Amino acid sequence: MYIPIILGTGRKGRQSEKAANFMMQETTKAGLESEIIDVRDYRIDATDSTGESPQAKKLAEKIVKADGLIIVSPEYNHGYPGELKMMLDMLYKEYAGKPVGFCGVSAGGLGGSRAVEQLRLVSIEFHMLPIREAMYFSTVQSLFDEKGNIKDESYFKRVETFLDEMIKYIKNNIKGKSK
Ligand SMILES: Cc1cc2nc3c(=O)[nH]c(=O)nc-3n(C[C@H](O)[C@H](O)[C@H](O)COP(=O)(O)O)c2cc1C
């Protein structure tokens, strides 16, 4: 199973990269194929949904191949970053029917939950299948040590539950398609 991880902010000094790396580490540990899709590598000047840009073509290749998607997003002023929306909007039909799981990141205690809830709605418009489980990386500035290791052990159980549900959705999806 190939489940790429979208890192949804290009902000200089972004803490979300640590959460994305943690998700990558745990996804690989669970025997899944993954890679980080970094919004920094898909920058465009303005919204373009033609699918013709090199960035859109590069993204489409990965999304078409994906069995599911994980999106890691910080919360900016109670929303998700505009650059993430611009990247997602480059494609449309490629997302259809793919399970998607969300990971919110914040400096505060709510773990980016408001950004996650907004992303759920957007994913439905893309005909994706948002999973119920989510990861919330709260007080991210002190959650990881200087080597990038997570300090709160409870996240290992949480990520296991998250990935279990992701895999269930993907398996049911594959079963459904073969009917
Ligand atoms: C423009 C901007 C707006 C922000 N708004 C919120 C917010 O609404 N809620 C919140 O919990 N944190 C907010 N933060 C702080 C982020 O949670 C914090 O930067 C955290 O490290 C995750 O984002 P990062 O990946 O950019 O580091 C904001 C940060 C920026 C740069």
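A nonpolar core is a set of buried Ala, Val, Leu, Ile, Met, Phe, Trp, Tyr and Cys residues joined through C-beta atoms within 7 Å. In this predicted model, the largest such core has 48 residues. Those with the most contacts inside the core are Ile 5, Ala 19, Met 23, Ile 70, Ile 71, Val 72 and Cys 103.

**The sheet**

Five strands form an open sheet in the order 2-1-3-4-5, with parallel pairing. Strand 2 (36-38) and strand 5 (129-137) are the edge strands, each pairing on one side only. From one strand to the next, the twist averages 25°.

Strands 3 (residues 69-74) and 4 (residues 99-105) are paired in the parallel sense through six bridges. Leu 69 stands opposite Val 100 in strand 4, and the bridge partner of Val 72 in strand 4 is Cys 103.

**Strand 4 and Cys 103**

How many of the residues of strand 4 are buried? Seven of its seven residues are, so the strand is mostly covered, a residue being buried if 20 or more other C-beta atoms lie within 10 Å of its own. In a regular strand the side chains alternate between the two faces of the sheet. On one side of strand 4 are Pro 99, Gly 101, Cys 103 and Val 105, and on the other are Val 100, Phe 102 and Gly 104; both faces are covered.

Leaving out residues up to four places away in sequence, Cys 103 touches Ala 19, Met 23, Ile 70, Ile 71, Val 72, Ala 134, Met 135 and Phe 137. Val 72 is thus listed among the contacts of Cys 103 and is also its bridge partner.

**Helix 4**

Helix 4 (residues 113-125) packs on the sheet and touches strand 3, strand 4 and strand 5. The direction of helix 4 makes about 160° with that of strand 4. At 1.5 Å a residue, the 13 residues of helix 4 should span 18 Å, which agrees with the 19 Å between its end C-alpha atoms.

Which residues of helix 4 are buried? They are Ala 115, Val 116, Leu 119 and Ser 123. These residues lie on the same side of helix 4, because they cover an arc of only 95° around the axis. Strand 3, strand 4 and strand 5 are included in what covers them. The exposed residues Leu 121, Ile 124 and Glu 125 are carried on the face of helix 4 turned away from its buried side. Just after helix 4, His 127 takes a positive phi of about 60°.

**Loop residues**

Asn 77 and His 78 are both found in the loop between strand 3 and helix 3 (82-88). Phi of Asn 77 is near 45°, a positive value in a residue other than glycine. His 78 is not a glycine either, and its phi is also positive, at about 65°. Asn 149 lies in another loop, the one between strand 5 and helix 5 (154-178).

The table gives the neighbour counts for these loop residues.

| Residue | Other C-beta atoms within 10 Å | Class |
|---|---|---|
| Asn 77 | 7 C-beta atoms | exposed |
| His 78 | 12 C-beta atoms | exposed |
| Asn 149 | 12 C-beta atoms | exposed |

With 12 such neighbours, His 78 counts as exposed because the class takes in residues with 12 or fewer. The C-alpha atoms of Asn 149 and Asn 172 are separated by 33 Å, and the two residues are 23 residues apart along the chain.

Key:
Residues are numbered from 1 along each chain as its sequence is written. This is a predicted model: local features need pLDDT of at least 70, side-chain atom pairs count only at pLDDT 80 or more; totals for chains, interfaces and linings use all residues. Two residues are in contact if their C-beta atoms, placed from the backbone, lie within 7 Å. Two strands pair if DSSP finds at least two bridges between them. Helices (H or I, at least four residues) and strands (E, at least two) are DSSP runs, numbered from the N terminus. Axes are lines fitted to C-alpha atoms, for helices over the stretch in contact, and angles run from 0 to 180 degrees between N-to-C directions. The expected span of a helix is 1.5 Å times one less than its number of residues. The arc is that of the directions from the helix axis to the C-beta atoms.
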